Amino acid sequence: MVVTAEQLALLGGTPAITLDQTAAARWPIVEAEELAAIQEVAAAGQWSNAPGVQEFEAEFAAYIGTHHALTTNNGTAALHAAFFALGLGPGDEVISPSATYWATAMPILNVGAIPVFADVDLHTMNVNPADVERQITPRTKAIVVMHAGGMPCEMDAFVDLCRRYGLRLVEDASHAHGATYRGRKIGSFGDVAAFSLQTSKLCPAGEGGILITNDEALLRRATALGHYERLGRRPALATGHEEGVEEDEYDRFRHTAFGYKYRISPLNAALGRVALAKLDARNRRRNEGIQYLLDAISEIAGLTPPQIPAYIERVYYGQPRVRYDAAEFGGLPIERFVDALRAEGARVSGGTQLRHRGGLHTQPMFVERVHWAFHHPANAASVAGARYGLGALPVTDNPPRDRISLPNFPRPTKELLDQYVAAFHKVARNAGQLL
Ligand SMILES: Cc1ncc(COP(=O)(O)O)c(C=O)c1O
């Protein structure tokens, strides 16, 4: 049998993607600046409480366009500090997406309040403002949004909801460093926002997190939770405080904080500073590669990239997805189409192959109501009304199965992307062979 370039690799032909993909996919990117930053901190011997930490906070706050920032040892701690800063506790409800990493919602329980889950929008998989509004009760105190995969939530709708109902807004911006909504950076819409700086994130510090706010009172309270070393030492804060400022209501807790120790390692802060300096350029490179791929793939009838409104500049954390219309391929199941792409060398996934770990509302923590906050008498009404368990959130429970995920290369080359484009066109042209 003669094997031709046009023959699908799945059926014995030659793969369309032959270039090595390791360098394009590698993350984090380690260059001279990252190594020099670590070496500088290491050599100085200040492995705790080094000056670079506050400089990083000032730079991050300036980048987002907020007054204050507080680094933490991870993003989960930053979210905990955010909910604590808002003074939430037993008897309070916070509306959260369920389709998110657990740290968006679990710290709500750890301040004694109850997460009330809202469903997501089918197209963006971001929390749906209409469903959030339906969950508001007299006990609701705050909404937390998460910009899934770097796609900003509809912030006009959430800001409006919070204004109309007198609620506080928290942004979990862990996927969206550098994204903008109507020209404003994500993270600047909430009363308080938290970012993870964990290695896989767009602004990686290794392990780390950062909380930002315009509200100095919130910053002080967030600091009181897990930064005992900054209480009673006002000049150590990144707020421009002068020596000799009167103690505030939190300074007297400097020998205990509120029981947590959340400061970042200066080594991680040093990496974070380098990552922040390179963030826009690195986001641009990812975005250009993804856009190139999406544009070329969208020429194929039956593959449709998501529509992004003109007022949004998204970033990409995780895999971008395109919608697959089986009817355009003679009814070929999406998994078969994806298997053919994989045989060509493409790092793709689709349909039932896509990972779906289930919404948080289906996790034992909520279904079995294990956490102490569920048993606090002040939370009884909230727990009785909670939508926990499979079936409560239709879109979260049944994510779309007609999507193909594409690779998100931090450093793609045009040659590699062109091989991907060729692979998609080849499989699309020859889909009939697979029926
Ligand atoms: C949406 C979201 N929120 C919060 C976090 C928590 O951040 P960290 O891992 O730094 O604690 C993550 C991390 O994966 C995340 O994806």
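## Exercises on a predicted model

**Exercise 1.** Compare the expected span of helix 2 (residues 32-44) with the distance between its end C-alpha atoms.

*Solution.* Helix 2 has 13 residues, and at 1.5 Å a residue it should span 18 Å, the expected span being 1.5 Å times one less than the number of residues. The end C-alpha atoms of helix 2 are 18 Å apart, which agrees. Helices here are DSSP runs of H or I with at least four residues, strands are runs of E with at least two, and both are numbered from the N terminus. After helix 2 comes Gly-45, whose phi is positive, near 75°.

Two notes apply to every exercise. Residues are numbered from 1 along each chain as its sequence is written. The model is predicted, so that local features need pLDDT of at least 70 and side-chain atom pairs count only at pLDDT 80 or more, while totals for chains, interfaces and linings use all residues.

**Exercise 2.** Place strand 8 (residues 192-196) among its neighbours and state how its residues are covered.

*Solution.* Begin with burial, where a residue is buried if 20 or more other C-beta atoms, placed from the backbone, lie within 10 Å of its own, exposed if 12 or fewer, and partly exposed in between. Five of the five residues of strand 8 are buried: Val-192, Ala-194 and Ser-196 point one way, and Ala-193 and Phe-195 the other way.

Next take the pairing, which requires at least two DSSP bridges between two strands. Strand 5 (residues 168-172) runs parallel to strand 8 and is joined to it by three bridges, with Glu-171 opposite Ala-193. Strand 9 (residues 209-213) runs antiparallel to strand 8, with five bridges, and its Ile-210 is the bridge partner of Phe-195.

**Exercise 3.** Describe the residues that surround the ligand.

*Solution.* Counting a residue as near if its C-beta atom, placed from the backbone, lies within 6 Å, 14 residues surround the ligand, and the closest are Asn-74, Gly-75, Thr-76, Tyr-101 and Ser-196. By class, this shell has three nonpolar, ten polar and one charged residues, where Ala, Val, Leu, Ile, Met, Phe, Trp, Tyr, Cys and Pro count as nonpolar, Asp, Glu, Lys and Arg as charged, and the others, Gly among them, as polar.

**Exercise 4.** Characterise the contact between domain 1 and domain 2.

*Solution.* The bounds, from an automatic or database domain assignment, are 9-28 + 279-354 + 398-434 for domain 1 and 32-275 for domain 2. With contact defined as C-beta atoms, placed from the backbone, within 7 Å, 15 residues of domain 1 touch 21 residues of domain 2. On the domain 1 side, helix 9 (266-297) and strand 11 (312-313) each give two or more residues, and helix 9 gives the largest share, three residues.

Conventions
Contact = placed C-beta atoms within 7 Å.
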